[in-house]
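Biologist: I would like a close look at a single part of this structure, taken slowly and residue by residue. Please begin with the place where one element gives way to the next, and then work outward from there.

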Amino acid sequence: MSALTKAKGFKKSKTGTYLSIGTTAFGALGVIKQAKKARYEHDTLRLIDAVVSAAAIATGVALLLRELKRIGDDDVLLG
């Protein structure tokens, strides 16, 4: 099995999905910081960018949670 095949398998594993959720949540901290700075500086364009980024993060987390549920449903031991 090649390293690329192993990497793709890890990405679709529970551990890989949890890691992706954590990484995405960590990215949310930067968006929060950006939004606070934009509000303090009254920078509407940066605030809009932060809101759009937050929506993308929320969508990404929702997709990852759906993937995690799918992985759990495929697990024979979980029923």
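Modeller: Let me start with His-42, which counts as exposed because its relative accessibility is 72%, bearing in mind that everything described here comes from a predicted model. His-42 sits in the loop between helix 2 and helix 3, the latter covering residues 44-74, and its phi is near 55°, a positive value in a residue other than glycine. That deserves a remark, because most residues other than glycine have a negative phi.

Going back from His-42, which follows helix 2, we come to the helix itself, which has 27 residues and reaches 39 Å from its first C-alpha to its last, close to the 39 Å expected at 1.5 Å a residue. The buried residues of this helix are Gly-16, Thr-17, Ile-21, Val-31, Ala-35 and Ala-38. Of these, Thr-17 can be described in further detail: helix 2 spans residues 14-40 and includes Thr-17, and this residue has a relative accessibility of 2%, so it counts as buried. A polar atom of the Thr-17 side chain lies 2.8 Å from the backbone oxygen of Ser-13.

Another aspect of the surface is given by Phe-26, Leu-29 and Ile-32, which form a nonpolar patch with about 340 Å² of accessible area together. Ile-32 belongs to helix 2, and with a relative accessibility of 45% it counts as partly exposed.

Going forward from the loop instead, we meet charged side chains, and in general side chains of opposite charge can pair when their charged atoms come close. A search of the whole structure finds 2 salt bridges. One of them joins Arg-46 to Asp-43, with the closest N and O atoms 3.7 Å apart, a separation that qualifies because the cut-off is 4 Å. Arg-46 is partly exposed, its relative accessible area being 41%, and Asp-43, at 24% relative accessibility, also counts as partly exposed.

Arg-70 likewise forms a salt bridge, its partner being Glu-67, and here the closest N and O atoms are 2.6 Å apart. Both Arg-70 and Glu-67 lie in helix 3, 3 residues apart, which is about one turn of the helix. Arg-70 counts as partly exposed at 37% relative accessibility, while Glu-67, at 21%, is classed as partly exposed too; the value for Glu-67 has to be read against the cut-off, because buried means under 20% relative accessible area.

Technical notes: Residues are numbered from 1 along each chain as its sequence is written. This is a predicted model: local features need pLDDT of at least 70, side-chain atom pairs count only at pLDDT 80 or more; totals for chains, interfaces and linings use all residues. Side-chain values use heavy atoms; hydrogens and water are left out. Helices (H or I, at least four residues) and strands (E, at least two) are DSSP runs, numbered from the N terminus. Buried means under 20% relative accessible area, exposed over 50%, partly exposed in between (1.4 Å probe, protein chains only). A polar contact is a pair of N or O atoms within 3.5 Å; within protein, one must be able to donate a hydrogen and the other to accept it, and residues adjacent in sequence count only if both atoms are side-chain atoms. The expected span of a helix is 1.5 Å times one less than its number of residues. Patches are made of residues with over 30% relative accessible area and no salt bridge: like charges are joined within 9 Å, nonpolar side chains (Val, Leu, Ile, Met, Phe, Trp, Tyr) within 5 Å. Accessible areas come from the Shrake-Rupley method with a 1.4 Å probe; for residues, only the protein chains shown count as cover. A salt bridge is a side-chain nitrogen of Lys or Arg within 4 Å of a carboxyl oxygen of Asp or Glu.
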